[in-house]
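I set out to record where the ligand sits and what surrounds it. Some notes on backbone geometry follow at the end.

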Amino acid sequence: MIKFTIITLFREAIEPYLKTSMMWKAVDKGLAEFDFVNLRDFGLGPHKSVDDTPYGGGDGMLLRCEPVFTAIESVKAKDPEAKVILPTPVGEIWNQKLAKELPIDAHYIILCPHYEGYDERILSIVDYKISLGKYVLTGGELPALIIIDSVVRLIPGVLGGETSAEIESFSDGDNLEYPQYTKPAEFRGMEVPEILLSGNHGEIDRWRKEHSGKL
Ligand code: ADE
């Protein structure tokens, strides 16, 4: 069972997706669990502040250490083995290979930063720094969802219909899926490749392997 505890100020931005489709199915089947921690609960002072201005000057506000450390420690107090993931544009670029390599029998705490960044000392409590690509988003919520979705869909039993063997045969070497078609066999002059209508499964398998895209 994989578990994600998401530390965020914007639970409402994340939760609907996790309650939909395959992510929900994974929870329903007992293959995944999602939990939330409201970073605001660990904020400082009467306003429960979680950010402050950068030393040395500069624009914007940075996530402070104290709320982040105490929020993470509150989760680790119950599960010291939990690993911390920080979505950040300066992390390792996420890809299918990393998604496959992430152990699925583990508990991950995903910290979603906001504002213009975070105090660098936060990195001392982080196990994985992950970037979704060379662009900057306003927060870690979208990266958190992408990381979760790409990992959870690989758990055997989450995707309906496909046997794990089938997934295996096409996922070695980071193959993307082959082109697929459904009815009708001809649509506005565009025809489904003849071989897929042939019923010759050996030939069809060969065609699919040939036409799988590489990541
Ligand atoms: N936070 C802001 N931008 C990001 C990115 N590109 N990847 C991961 N986390 C981010």
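For these entries I take a pocket as an open set of grid points with protein on both sides within 12 Å along at least five of seven lines, and I count a residue as lining if it has an atom within 4 Å of a point. Strands are DSSP runs of at least two residues, numbered from the N terminus. The model I am reading is predicted.

Entry 1: the pocket.
I looked up the second largest pocket and noted a volume of about 280 Å³. I found 20 residues in its lining, and those nearest the centre are Pro87, Thr88, Pro89, Leu137 and Gly139. I then asked which strands each supply at least two residues of this lining. They are β5, residues 83-93, and β7, residues 128-131. β5 provides the largest share, with three residues. By class, I recorded eleven nonpolar residues in the lining, eight polar and one charged.

Entry 2: the ligand.
What space does the ligand take? I found that the ligand occupies the second largest pocket. β5 and β7 are the elements that give two or more residues to the shell around the ligand. Here, too, I noted three residues from β5, the largest share of the shell. The residues around the ligand include Pro87, Thr88 and Pro89. I also listed Ile130, Ser131, Leu132, Gly133, Tyr135, Val136, Leu137 and Pro143 among them. The shell holds eight nonpolar and three polar residues, and no charged residue.

Entry 3: polar contacts of the ligand.
I next looked for backbone atoms that approach ligand nitrogen. A polar backbone atom of Leu132 lies 2.9 Å from a nitrogen atom of the ligand. For Gly133, I read 3.1 Å between a polar backbone atom and a ligand nitrogen. Thr88 likewise places a backbone N or O atom 3.1 Å from a nitrogen atom of the ligand. I then checked how much of the ligand is covered: taken alone it exposes 260 Å², of which the protein buries 95%.

Entry 4: backbone geometry.
I asked whether the peptide bond from Lys183 to Pro184 is cis or trans. The bond is cis, with omega near 5°. I placed Pro184 in the loop between α6, residues 164-171, and β8, residues 186-187. I also noted Ser21, a residue other than glycine, with a positive phi near 50°. Ser21 belongs to helix α2, which covers residues 21-28.

Key
Residues numbered from 1 in each chain as written. Predicted model: local features only at pLDDT ≥ 70, side-chain atom pairs only at ≥ 80, totals over all residues. Heavy atoms only, no water. 1 Å grid on protein atoms, 1.4 Å probe; cavity = no way out; pocket = protein on both sides within 12 Å on 5 of 7 lines; lining within 4 Å. Points joined across faces, edges and corners; volume = space filled by probe spheres on them. Helix = DSSP H or I, 4+ residues; strand = E, 2+ residues; numbered from the N terminus. Nonpolar A, V, L, I, M, F, W, Y, C, P; charged D, E, K, R; others polar. Near = heavy atom within 4 Å. Polar contact = N/O pair within 3.5 Å; in protein donor to acceptor, adjacent residues only side chain to side chain. Areas by Shrake-Rupley, 256 points an atom, 1.4 Å probe, with all protein chains shown as cover. Sits in = over half its atoms within 2 Å of the grid points.
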